There are 2 protein chains.
Amino acid sequence: MFSHSEENYLKVIHNLELTNSKNVSTTLIANELQTKASSVTDMLKKLADKKLVNYEKYKGVTLTKQGEIIALNVVRKHRLWEVFLVDKLNFNWDEVHEVAEQLEHIKSDQLIDRLDAFLNYPTKDPHGDPIPTKNGKMPLDNSILLSDAHADIVYEVSCVKDNSKSLLQFLDKHAITINSEITIVDKFDFDDSMTVKLSNGILLTLSNKVSANVFVNLK
Amino acid sequence: MFSHSEENYLKVIHNLELTNSKNVSTTLIANELQTKASSVTDMLKKLADKKLVNYEKYKGVTLTKQGEIIALNVVRKHRLWEVFLVDKLNFNWDEVHEVAEQLEHIKSDQLIDRLDAFLNYPTKDPHGDPIPTKNGKMPLDNSILLSDAHADIVYEVSCVKDNSKSLLQFLDKHAITINSEITIVDKFDFDDSMTVKLSNGILLTLSNKVSANVFVNLK
DNA sequence: ATATATTTTTAGACTTGTCTAAATTTAAAA
DNA sequence: TTTTAAATTTAGACAAGTCTAAAAATATAT
């Protein structure tokens with residue numbers, strides 16, 4: 001079994017491998033975990049001893065197969081708990097992160113299997129992120145960033161990239177949620193902002209900061 | 001906020017205050033927590049510094065008001081999670097303890113309030129133990145031990161004193177559960193065993209070890 | 001290509017919670 | 001009441017995870 005801390009490191013490394021380059025740096029991990037680079041180095045050595053990461057001094061890390069399995073399992077638990085919190089306990093999507101950060105470390109395969117069944121085997125969490133399967137597969141889809149999408153085509157919101165309270169609350173306020181219909185009406189080179197139309201006809205101007213954090217799919 | 005370890009100590013001290021004398025000894029705590037007496041001494045000093053226990057060298061401890069409030073809150077969370085596991089995730093009553101031991105330390109008032117509502121404000125856990133209220137009151141009832149009950153009176157099982165797997169599975173096997181009807185037919189002085197009749201007419205002989213761990217109420 | 005800045009690692013320290021072994025106190029028995 | 005036994009505490013050590021400050025390696029800029 002692995003400690004909360006080890007699980008957190010693996011999860012964050014996995015996350016950074018997806019969003020950044022394949023090779024993850026010490027500082028990047030330190031930022032993500034709100035800790036110091038020296039602490040990260042210490043932990044990377046420990047994880048390397050346990051064959052959970054490939055670590056070479058000054059060269060950054062990658063997860064081993066074993067490390068990835070554990071990371072995906074933590075992500076799976078995190079996202080299943082988020083579904084529970086939103087679907088069953090009526091939490092809002094911007095309120096679930098901190099609690100799920102705790103719940104993801106509960107150790108019981110039976111618990112997570114039964115929770116999965118209770119929730120009816122969801123495939124996405126409340127932010128649209130895919131829930132890894134029990135055997136460690138991460139379902140991928142062909143979403144693109146709204147900022148890369150084209151005008152006059154009907155898309156639907158599939159996922160939110162940045163799960164920060166501020167973005168989620170912004171989207172809430174404008175009634176944009178997972179599966180919302182959205183069409184780009186106009187794009188502005190000056191600041192990469194865009195005007196979009198929602199299914200209720202409302203027109204909205206979104207900054208690049210927003211559109212670069214929302215994934216969409218063809219409707 | 002308090003650590004898992006501190007919460008566990010407070011919970012165990014509270015428990016021992018109820019079942020044993022008002023004043024709890026170091027060794028008793030050590031046994032309950034599967035740890036060493038010297039570790040307990042260390043922690044008692046720490047808890048005393050934080051005004052959570054009244055501790056005098058060589059004299060044992062009692063909880064302060066503050067300590068009791070925290071202990072009851074941990075018990076509340078433990079028991080609510082047990083209800084969730086049994087009622088919603090179909091766990092058996094002998095399978096919930098270890099998982100609830102982990103879940104009881106999740107820190108979120110909002111979570112526990114909503115869980116309480118989701119479960120419809122239960123007042124007892126799956127073993128019949130009362131769930132402390134949000135403001136730290138432990139509902140008591142007038143149950144007595146089956147071993148102290150009288151013959152030829154119809155009782156119902158209200159609570160199980162010892163939540164060990166072995167007892168719970170024994171009771172399961174004989175279809176004795178919370179709210180089961182039970183009547184003492186005969187008591188034997190020799191070994192304090194008794195013959196009881198269940199509502200389905202089945203006769204059963206129970207050792208004192210069993211009857212001294214089952215609470216009953218007048219029907 | 002050399003100087004400067006940034007990143008990463010090391011060394012040593014601290015905290016929390018635990019342990020063993022020895023010393024001390026309290027309780028029980030002869 | 002004195003001796004023996006049991007319970008409790010102290011002292012010193014250890015592991016996990018973190019930190020600061022300084023040293024070493026790498027990357028950047030002129």
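**Exercise 1. Strand pairing around β6(A)**

In which sense do strand β5 (residues 181–188) of chain A and β6(A) pair, and over how many bridges? Describe also the second partner of β6(A) and the two hairpins.

*Solution.* The model is predicted: local features need pLDDT of at least 70, side-chain atom pairs count only at pLDDT 80 or more, and totals for chains, interfaces and linings use all residues. Residues are numbered from 1 along each chain as its sequence is written, chains are lettered from A and ligands numbered from 1 in the order in which they are written, and side-chain values use heavy atoms, without hydrogens and water.

Step 1. Strands here are DSSP runs (E, at least two residues) and helices are runs of H or I with at least four residues, both numbered from the N terminus. Two strands pair if DSSP finds at least two bridges between them.

Step 2. β5(A) and β6(A) pair in the antiparallel sense over 6 bridges. F188(A) has S193(A) in β6(A) as its bridge partner. Their hairpin has 4 residues between the strands, and D192(A) takes a positive phi near 55° there.

Step 3. β6(A) is also joined to strand β7 (residues 203–206) of chain A, by 4 bridges and again antiparallel. K197(A) is bridged to L203(A) in β7(A). The hairpin of β6(A) and β7(A) has 4 residues between the strands, with G201(A) at a positive phi near 90°.

Step 4. Buried means under 20% relative accessible area, exposed over 50%, and partly exposed in between (1.4 Å probe, protein chains only). In β6(A), residues 193–198, 5 of the 6 residues are buried, so the strand is largely enclosed by the rest of the structure.

**Exercise 2. The whole sheet**

Give the strand order of the open sheet in chain A and name its edge strands.

*Solution.* Step 1. Strands of a sheet pair through backbone hydrogen bonds, either parallel or antiparallel.

Step 2. The open sheet has 6 strands in the order β3-β8-β4-β5-β6-β7 (chain A), with antiparallel pairing. Its edge strands are β3 (144–145) and β7 of chain A, each of which pairs on one side only.

Step 3. Within this order, strand β4 (residues 154–160) and strand β8 (residues 214–218) of chain A run antiparallel and are joined by 5 bridges. E156(A) has N217(A) in β8(A) as its bridge partner.

**Exercise 3. Relation of the two protein copies**

Find the operation that superposes chain A on chain B, and state how the copies meet.

*Solution.* Step 1. Copies are superposed by least squares on the C-alpha atoms of residues with pLDDT of at least 70 in both.

Step 2. A rotation of 180° with 0.0 Å of shift along its axis superposes chain A on chain B, at an RMSD of 0.0 Å. The two copies are thus related as by a two-fold rotation axis.

Step 3. In chain A, L103(A) comes closest to the rotation axis, its C-alpha being at 3.8 Å.

Step 4. Of the interface residues of chain A, 100% are also interface residues in chain B, so the copies meet through the same surface.

**Exercise 4. DNA strand C**

Which residues are closest to DNA strand C, and which parts of the DNA lie within 4 Å of the protein?

*Solution.* Step 1. A residue is near a strand if one of its heavy atoms lies within 4 Å of it. DNA strand C is surrounded by 20 residues, the closest being T27(A), K45(A), Y55(A), S3(B) and T35(B).

Step 2. Of the atoms of DNA strand C within 4 Å of the protein, 74% belong to sugar or phosphate and the rest to bases.

Step 3. A polar contact is a pair of N or O atoms within 3.5 Å; within protein, one must be able to donate a hydrogen and the other to accept it, and residues adjacent in sequence count only if both atoms are side-chain atoms. An N or O atom in the side chain of S39(B) is 2.6 Å from a phosphate oxygen of DNA strand C. The side chain of T26(A) has an N or O atom 3.0 Å from a phosphate oxygen of this strand. For S38(B), the side-chain N or O atom is 3.1 Å from a base oxygen of DNA strand C.

Step 4. α2 (26–33) and α3 (37–49) of chain A, with α1 (4–19) and α3 (37–49) of chain B, each supply at least two residues of the surface near DNA strand C.

Note on methods:
Contact means heavy atoms within 4.5 Å.
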